[in-house]
Structure formats: structure tokens, C-alpha cells
Amino acid sequence: MSNITYIGLGSNLGDSRQILADAVQKLATLGAVQTSKLYQSPPMGPQDQPNYLNAVVRLETELEPLALLDELQRFEQESGRVRLRHWGERTLDLDLLIYGDATIENERLTVPHVGVLERDFVVIPLLDLDANLSVKGQALKHLALLEHPNLTVADAGDWAGL
């Protein structure tokens, strides 16, 4: 049975646009994908780092949650993932945001992702993919953070080359 999942993508080191496009191509090997617009946002952590490019991918996959997490981590490593400090610069960050209707809490994975309702660079791309999406009973389109977003559209077209 196919599961609807949402994967957050972020990068602010190297050729971020190409790194994210390559990540989408790899995600497409796991099932059918759709991409949000590509956004630029200021860093969430230390401010002495480049802005991020962010997007969300809707992925229909047969993989179970931990198997999917393993694939996401493999893709990060293949992209030469660098994590210099907490909330610091990254070549590629792939977060499993939502896995169907599942609520998962274990040592490796928390779904829905802990910060999903507080991060405009996650909520706005999720709404690109599903304007009526709810997380933990909360309709994303009604969140207060949408009133003053800190991100801009970097590419509204087919930036991932699908």
C-alpha cells in the first residue's frame, strides 16, 4: 500500500539549487513525487551563515517510516552532507515531516516533525502541495505565522527538472 509522505528539503552550502534538484531526483526513485515552489529563507539558527533554499516534496512510497528515514539519511550522506554546528550550515537536510496519518515517537524518528507548525519555510511549501493539509488537528492555512512570513519565492517553476 502506498503512503503519502512529505519531506522537507534544505541547503545553504555549495550549489544549493543543484543539490536540492538532485535530492528530488533521488526521492523520485522511491515513488511518485511532487515539489513545492523553491524558497529562500534566513537561517533559523546562527545568523552568520548563508540563507537557505527550502522546499517540500510530496512522496508516495511503499517504504515503512524507518526504511524511508534510512534512505533520506543515505541521500544526505551521498550529497556530502556537512553539519558543522547545531542549526548551522548544511549541504543537504532532508526531514520526514509527515507520514500519512501516522504519529511516531521513537529514538530515531518523530512524526509529524517536531517543528512543522512553527516554521514558515515548512508550512508554506506544504500548502503549495495541499492547501487543506492539517497536522495534529491544526489546519496549516490558519496558522498565525503565515501573516508575516520570512521567506521569498526563489523559483516557482520546475526547478527540480521533473
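A salt bridge here is a side-chain nitrogen of Lys or Arg within 4 Å of a carboxyl oxygen of Asp or Glu. The structure is a predicted model. By this rule it holds 7 salt bridges.

**Salt bridges**

Lys-26, Glu-71, Arg-74 and Glu-78 are linked in a network of salt bridges. One of its pairs, Arg-74 and Glu-71, sits within helix H2 (residues 65–78). These two residues are 3 residues apart, about one turn of the helix. Arg-74 is partly exposed, with a relative accessible area of 38%.

Three of the pairs are listed here with the distance between N and O atoms.

| Pair | N to O distance |
|---|---|
| Arg-58 and Glu-60 | 3.2 Å |
| Arg-74 and Glu-71 | 2.5 Å |
| Arg-90 and Asp-93 | 3.0 Å |

Are Arg-90 and Asp-93 buried or exposed? Buried means under 20% relative accessible area. Arg-90 has 8%, so this residue counts as buried. Asp-93 has 14%, so it also counts as buried. The pair of Arg-58 and Glu-60 is mixed: Arg-58 is buried at 18%, whereas Glu-60 is partly exposed at 30%.

**Helix H3**

Helix H3 (residues 120–129) is mostly covered, with 9 of its 10 residues buried. Among them are Phe-121, Val-122, Val-123, Ile-124 and Leu-126. Asp-120 is buried too. What do the buried residues of H3 pack against? They meet five strands: E1 (3–11), E2 (31–35), E3 (38–41), E4 (52–61) and E5 (93–99).

**Pockets**

The largest pocket holds about 780 Å³ of space. It is lined by 35 residues, and the closest to its centre are Arg-90, Asp-93, Asp-95, His-113 and Arg-119. Arg-90 and Asp-93 thus appear again: they form a salt bridge and are among the residues closest to the centre of this pocket. E1, E4, H2, E5 and H3 each supply at least two residues of the lining. Strand E5 gives the largest share, 5 residues. By class, the lining has 18 nonpolar, 9 polar and 8 charged residues.

The second largest pocket holds about 200 Å³ of space. Its lining has 13 residues, and Ile-98, Gly-100, Asp-101, Leu-133 and Ser-134 are the closest to its centre. E1 and strand E8 (134–135) each supply at least two lining residues. This lining divides into 7 nonpolar, 4 polar and 2 charged residues. Strand E1 thus contributes to the lining of the largest pocket and to that of the second largest pocket.

Notes:
Residues are numbered from 1 along each chain as its sequence is written. This is a predicted model: local features need pLDDT of at least 70, side-chain atom pairs count only at pLDDT 80 or more; totals for chains, interfaces and linings use all residues. Side-chain values use heavy atoms; hydrogens and water are left out. Buried means under 20% relative accessible area, exposed over 50%, partly exposed in between (1.4 Å probe, protein chains only). Helices (H or I, at least four residues) and strands (E, at least two) are DSSP runs, numbered from the N terminus. Contact means heavy atoms within 4.5 Å. On a 1 Å grid over the protein atoms alone, a cavity is a set of points where a 1.4 Å probe fits but cannot get out, and a pocket is an open set with protein on both sides within 12 Å along at least five of seven lines; lining residues have an atom within 4 Å of a point. Grid points are joined across faces, edges and corners, and a volume is the space filled by probe spheres set on the points. Ala, Val, Leu, Ile, Met, Phe, Trp, Tyr, Cys and Pro count as nonpolar, Asp, Glu, Lys and Arg as charged, and the others, Gly among them, as polar.
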